[in-house]
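Thanks, everyone; I would like to take a few minutes on the packing inside this chain. Please have the model open while I talk.

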Amino acid sequence: MSMTALAAGMLMAAYFLLLYAGVGLIQEKRFFGSAPKKVFDAVPARKKERFRGARLLGWFVALLAILLFAGAVVLAAWDGVRNGFGFWRFFVRFLAMLYIMELYDIGFFDWVLLCHSNFFPHFYPEVKGVVGPQLFGYNKKTHALHFALYVPVSAAMAGICLLF
């Protein structure tokens with residue numbers, strides 16, 4: 001259980017680092033593809049670098065985030081193999097990790113950062129007045145799809161782990 005919580009925490013940290021790299025450092029409109037249409041329309045195509053080397057630093061942080069994602073999965077798999085997990089224990093572990101990450105997305109990214117903080121307007125003053133509580137739930141179909149897709153993804157990852 002504690003290894004599952006650690007791996008889920010790693011996923012959440014990686015997810016935030018990826019968001020920060022794209023929004024705060026790289027600052028290109030393509031990173032707003034999943035944002036509400038009003039926010040996407042308000043964001044300029046590319047902003048001037050916040051400081052010299054910000055984009056390079058952003059790509060480095062994004063790479064670290066991707067490695068952290070991979071590390072969480074490898075750690076969870078390695079621990080399960082080491083402890084003799086069967087299919088169902090692997091399945092539940094991966095499903096829990098992915099569901100926790102999705103709930104983090106809904107609760108922290110959508111509710112806190114998008115709807116109730118100055119996170120996005122801090123980096124993009126153009127979205128001030130556009131973001132707010134009215135946007136909560138704009139992507140509920142996407143979240144529902146993720147919850148459904150995580151079941152076969154977790155099963156596939158559990159099956160792969162059984163090969164080791």
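I will go through the nonpolar cores, and then one helix pair.

A word on the basis: this is a predicted model, in which local features need pLDDT of at least 70, side-chain atom pairs count only at pLDDT 80 or more, and totals for chains, interfaces and linings use all residues. Residues are numbered from 1 along each chain as its sequence is written, and side-chain values use heavy atoms, with hydrogens and water left out.

The largest nonpolar core, meaning buried Ala, Val, Leu, Ile, Met, Phe, Trp, Tyr and Cys residues joined through side-chain atoms within 4.5 Å, where buried is under 20% relative accessible area with a 1.4 Å probe, protein chains only, has 19 residues, and Val23, Phe32, Val39 and Phe120 have the most contacts inside it. At least two residues of this core come from each of α1 (2–26), α4 (87–114) and α5 (119–123), these helices being DSSP runs of H or I, at least four residues, numbered from the N terminus. The largest share, 4 residues, is supplied by α4.

Beyond its neighbours within four places in sequence, Phe120 is in contact (heavy atoms within 4.5 Å) with Leu19, Val23, Phe32, Leu113, Leu114 and Val127. Another core, of 18 residues, lies apart from that one and includes Ala8, Phe94, Leu95 and Cys161.

Turning to the helix pair, α1 and α4 pack with their axes 9 Å apart, at an angle of about 40°, the axes being lines fitted to C-alpha atoms over the stretch in contact, with angles from 0 to 180 degrees between N-to-C directions.

Conventions: Buried < 20%, exposed > 50% of the residue type's maximum accessible area, 1.4 Å probe, protein only.
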